[in-house]
Amino acid sequence: MSDIRTFVDAHRGELLADLDEWLRIPGISAQPDRHADVRRSAEWFAGAARRTGFPVVEVWDDGPWLPAVFAAWPSAAADAPTVLVYGHHDVQPVDPLELWQTDPFEPTVDGDLLRARGASDDKGQLLFHLLGLKAHLAVTGRASPAVNLKFVIEGEEESGSPHFEELLARHRDRLGCDVVVVTDTGMVAADVPSTVTGMRGLAAATVTFHGPDLDLHSGVFGGAVPNPATAIGRLVAALHDAQGRVQVPGFYDDVRPLSAVERELFARVPVDDAAFLKVAQSRALAGETGYTTLERVGARPTAEVNGLGGGYQGDGHKTIVPSDAFVKLSFRLVADQDPAKVVEGVERFVGEHTPDGIIARIEWEGAGVRACEVPLDTPAYRVLTDAISAAFDGAAVLPSREGGSGPEAGLEQAVDAPLVFLGVGLPDDQIHAPNEKVNLSMLAKGAEAAAHLWQGFADLGRDGLRAR
């Protein structure tokens, strides 16, 4: 343990230098004028993987997706298990730029903090893996990893991974593995080692109500024809009951409930509601009755209004019955919920709340994403928590849930292997927001954990990893 920490500490300057270079590349996948930068970002990481020693490094741009990176380093050990590390190199837009305290693509260090877009999500977390691999090789004296190590680093995660499943299908023969390690998450606090044990799925739609074929004078026509803005407001009001439960038909039919053991473990996680509100810059908590804040944001399904509009939006008044109104909705899903069934329920809900004279249209953002969940009794999970614990001087590792969504469930299904999460981001890293940061000390902890993890997986072996 001490040798690994000594190596990581001695090479933190190299990690910082690499981050300084990579974070300057504005690889924003959501903006077409930045797609050349997404390619530069992929090529930079490919170069970093080659410098680390990976004998196989490829930039995959043979499909509609933005460039992804594949790297592989076979182990010299006979019958070594194969590990696939997933992450992403693209970043979020920086708007609103005026709220940044520093240039988002000019990395700035202040003590233990490094600020830049992508510092935590996800470039810093990918680079701690390269440092951890170097530590693993140096301390064990190996010329190759104890496991067959593969990386697949996509370039569209921040745009919803629209082509990732197609990429997985195209390259399925290259991605075979015994376990997947996702490195795009975090911990509940710097002094509370934890690991994500599930990510929610997602379904999102825009619902448009069309009433009269043109805006009407509200004095002449108001009260005599249906108002789509009023109707969309009523639909939104009907989305939840007084206890915060979603009223979409069948929404909870397949929800896997939290077990008593899981609730007891979640209760050990020291979540401070006041601190949570401070980070959220909110003045009150809300949500489904009967669940804690941690359970609400990670282990329960939700429905949120992401945008609402219709009619006149300018200064002063324009007294009309508007022709159109809309609402943007997103549904976070948990284990066993099928996005297709949720889509059916939402369409039924919208139909039940569309008054006569209103034409409803629903546009879905793709087919939706399934949730994924890590069973707490699998050998892979035990090895992961042992590795994290070693990096935190033997402290107990608590489970948590990630409220966000990603392509992990599709990846798990495509490779048919168990999945675990190793991430060291913190709740106040302001990912997706201005002034994103990462704690350099947390990246060092991540590198230590990764160095321990490869040997732990090797000791467990292929059969042990596959046990469920």
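In this predicted model, F70 stands opposite V152 in strand 6. A second bridge in strand 6 joins L149 to W73. These contacts belong to the antiparallel pairing of strand 2 (residues 68-73) with strand 6 (residues 148-154), which extends over five bridges. Strand 6 also pairs with strand 3, here in the parallel sense and over seven bridges. Within strand 6, I153 is the bridge partner of G87.

Strand 6 is largely enclosed by the rest of the structure, because seven of its seven residues are buried. Its side chains point in two directions: N148, K150, V152 and E154 go one way, while L149, F151 and I153 go the other way. The residues of both groups are buried.

The wider sheet is open and contains six strands, with mixed pairing and the order 1-2-6-3-7-17. The edges are formed by strand 1 (56-60) and strand 17 (419-421); each has a single partner strand, so one side of each is left without a neighbour in the sheet. From one strand to the next, the twist averages 20 degrees. Helix 13 (residues 408-415) packs on this sheet, where it touches strand 3 (82-88), strand 7 (179-182) and strand 17. The direction of helix 13 makes about 155 degrees with that of strand 3. Helix 14 (residues 440-466) lies across strand 3, strand 6, strand 7 and strand 17. Relative to strand 7, helix 14 runs at about 145 degrees.

Helix 14 also appears in the nonpolar interior. The largest nonpolar core has 91 residues, and the members that touch the most others are F45, F54, W454 and F457. Helix 14 supplies the largest share of this core, 12 residues. Apart from this core lies another, made of 24 residues, including I232, L235, A325 and V334. Residues up to four places away in sequence being left out, F54 touches A49, A71, A72, W73, L130, L133, L149 and F151. Two residues in this list, W73 and L149, are the bridge partners described above for strand 6. L149 and F151 point the one way from strand 6, together with I153.

Charged side chains were examined next. Side chains of opposite charge can pair when their charged atoms come close. The model contains 27 salt bridges. One of them links R24 and D20, whose closest N and O atoms are 3.2 Å apart. R24 has a relative accessibility of 34% and so counts as partly exposed. D20, at 30%, is likewise counted as partly exposed.

A further salt bridge joins the side chains of R34 and D37, with an N to O distance of 3.4 Å. Here R34 is partly exposed, with a relative accessible area of 29%. D37 has a value of 12% and is buried, because buried residues are those under 20%.

The salt bridge between R170 and D62 has an N to O distance of 3.9 Å. R170 lies in helix 5 (residues 164-170), whereas D62 lies in the loop between strand 1 and strand 2, so this pair ties together parts that are 108 residues apart in sequence. R170 is partly exposed at 40% relative accessibility. D62 is also partly exposed, at 35%. In addition to these pairs, R256, E262, D336, E373 and R401 are linked in a network of salt bridges.

Another acidic residue, E295, is found in helix 10 (residues 293-298). E295 counts as buried because its relative accessibility is 3%, and the limit for a buried residue is under 20%. When neighbours within four places in sequence are left aside, E295 is in contact with L258, R263, F266 and R300.

Notes:
Residues numbered from 1 in each chain as written. Predicted model: local features only at pLDDT ≥ 70, side-chain atom pairs only at ≥ 80, totals over all residues. Heavy atoms only, no water. Pairing = 2+ DSSP bridges. Helix = DSSP H or I, 4+ residues; strand = E, 2+ residues; numbered from the N terminus. Axes fitted to C-alpha atoms, helices over the stretch in contact; angles between N-to-C directions. Contact = heavy atoms within 4.5 Å. Buried < 20%, exposed > 50% of the residue type's maximum accessible area, 1.4 Å probe, protein only. Salt bridge = Lys/Arg side-chain N within 4 Å of Asp/Glu carboxyl O. Core = buried A, V, L, I, M, F, W, Y, C linked by side-chain atoms within 4.5 Å.
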